[in-house]
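Trainee: I would like to work through this model with you, one question at a time, and to hear the reasoning behind each answer.

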Amino acid sequence: MKMEKMMKMNVLFALVLLVSGLALGGCTKDDDTWNVSELANAREDQDVGGLLMVPLTLIQSAAGKGAVCMDGSLPAYHFDPGHGSGANSWLVNLEGGGWCNNIRSCVYRKTSRRGSSNYMEKEIPFTGIMSNDPAMNPDFYNWNRVKVRYCDGASFKGEGYDKDSGLYFRGQRIYEAAMEELMSKGMRNADQAFLSGCSAGGLAVVQHCDEFHGLFPANIKVKCIADAGLFLDAVDVAGGRTLRGFYGGVVNLQGAAANLPKNCTSQMDGALCFFPENILNNIQTPLLFVNTAYDVWQIQESLAPKSADPTGYWDSCKKNYTTCDAKQIQFLQEFRDQMLNRVNYFSGLKQNGLFINSCFAHCQTERQDTWYQDDSPRIRNLTVAKAVGDWYLDRSEVKVIDCAYPCDSSCHNLIFRRS
């Protein structure tokens, strides 16, 4: 590959990772913020010619509904209208970007684009499943494509207000205000609709999938795709459950339990109902999981966080999979087994889909290199883009699971710089 092409691809990857909330280059800046460090100012002084840059739109009607970001600013979205055969097709993407579980981390968050529209980029690139280029996104390029920005900290599920800190937890209201805005922009006339999201946005898709379906008449095709959203209630390397404890803080602080599925919260604690595995079997709308079996975010922050690995035994492995020893690989294989076990019943339902490859990555639908390129990751020669298109458009059933590491040579594995 020519050096110029490699440099342009690296800039593209950085921009997409910046927007999605995961960036190459390090660990969390603050253990409580749960956001992998970002490539600030990645767009400056870089050639991004050819990328579709889509402007920010504030939801002016949201204030009257109390649907505001954590700092009280208006929520926002980016919208590129559809055309031709896609004029009445809608792809709505819920942005990801971690969560906050206590006052300190949420106060920190509200001074960033993750908690305030005042800090959001005025325009962002649409790539991967959001691209307007038929050569890069064959099935969805001419649809109405929308990215709803994430500024609440609980996967669009919070409901509350903390007077002392001035924090608004209004994720559910933001979701509803955004959907109302989009319906007024023409989505009410959709003949097909698709809800997508990666990471915390992927978890939001799982939580909102049936609600999204309920916006449309019964005869309209509506499906959902959760990319890197299959967060597991897994045991960490110290034998604890780091992510369960963290989600407990998110749900309790932000009042999310009131908005979680009642058929789950009537049987178990709200924190457990934040995990996709505890609600996915009751989702009625067709849902596709695109996930890596060795999700790097979950390895770094759920399985082997600093709190569970005080000696740093996992430091090298969790940043560079090639340095993992046999014992660590075995632990990761057991994590993969747990993931497959959790989706066993779900995948048996005809309407649902799976694309689980054995890569060390996180979010594959919004990155152009992992979505659709000549060297994109494949399972049995099926790219992520082809799998998603086949599944949504009913060209074929998609339930593909990769063989275990290290058999897949097509992966675009992420390696992080050592801090």
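Mentor: Let us begin with a term: a residue counts as buried when its relative accessible area is under 20%, as exposed when that area is over 50%, and as partly exposed in between. Please keep in mind throughout that this is a predicted model.

Trainee: With that cut-off, is Q328 buried or exposed?
Mentor: Q328 belongs to helix 10, which covers residues 326–342. Its relative accessible area is 2%, and because the cut-off is under 20%, Q328 is classed as buried.

Trainee: Which residues does Q328 touch, not counting residues up to four places away in sequence?
Mentor: Setting aside residues up to four places away in sequence, the contacts of Q328 include a cysteine, C317, which is itself joined to C324 by a disulfide. The full list of residues that Q328 touches under this condition is Y313, W314, C317 and T323.

Trainee: What is the handedness of the disulfide of C317 and C324?
Mentor: The two sulfur atoms of this pair are 2.0 Å apart, and both residues are buried, C317 with a relative accessible area of 5% and C324 with 14%. The torsion about the S-S bond is about 85°, and therefore the disulfide of C317 and C324 is right-handed.

Trainee: How many disulfides does the model contain?
Mentor: A pair of cysteine sulfur atoms is accepted as a disulfide if the two lie within 2.5 Å, and the pair C209 and C224, with sulfur atoms 2.2 Å apart, meets that rule. Applied to the model, the rule gives a count of eight.

Trainee: Which parts of the chain does the pair C209 and C224 tie together?
Mentor: Both cysteines count as buried, since C209 has 0% relative accessibility and C224 likewise has 0%. The torsion about their S-S bond is 100°, and the link is right-handed. C209 lies in helix 4 (residues 200–213) and C224 in strand 9 (residues 221–227), so the disulfide ties together parts that are 15 residues apart in sequence, namely helix 4 and strand 9.

Trainee: Are C403 and C407 buried or partly exposed?
Mentor: These two cysteines form a disulfide with a sulfur-to-sulfur distance of 1.8 Å, and the torsion of about 100° makes the disulfide right-handed. The relative accessible area is 42% for C403 and 37% for C407, and because values from 20% to 50% fall between the two cut-offs, C403 and C407 are each partly exposed.

Trainee: Which strands pair with strand 11 in the parallel sense?
Mentor: Strand 11 covers residues 353–357, and five of its five residues are buried; G353, F355 and N357 point one way, whereas L354 and I356 point the other way. In one pairing, over five bridges, L354 stands opposite F289; in another, over three bridges, F355 stands opposite V400. The parallel partners of strand 11 are thus strand 10 (residues 287–292) and strand 14 (residues 399–401).

Trainee: Which residues touch the most other members of the largest nonpolar core?
Mentor: In soluble globular proteins, nonpolar side chains tend to be buried together. Here the largest nonpolar core has 84 residues, and a second, separate core of 25 residues includes I124, F194, I379 and A387. Within the largest core, the members that touch the most others are W99 and F212.

Conventions: Residues are numbered from 1 along each chain as its sequence is written. This is a predicted model: local features need pLDDT of at least 70, side-chain atom pairs count only at pLDDT 80 or more; totals for chains, interfaces and linings use all residues. Side-chain values use heavy atoms; hydrogens and water are left out. Helices (H or I, at least four residues) and strands (E, at least two) are DSSP runs, numbered from the N terminus. Buried means under 20% relative accessible area, exposed over 50%, partly exposed in between (1.4 Å probe, protein chains only). Contact means heavy atoms within 4.5 Å. A nonpolar core is a set of buried Ala, Val, Leu, Ile, Met, Phe, Trp, Tyr and Cys residues joined through side-chain atoms within 4.5 Å. Two strands pair if DSSP finds at least two bridges between them.
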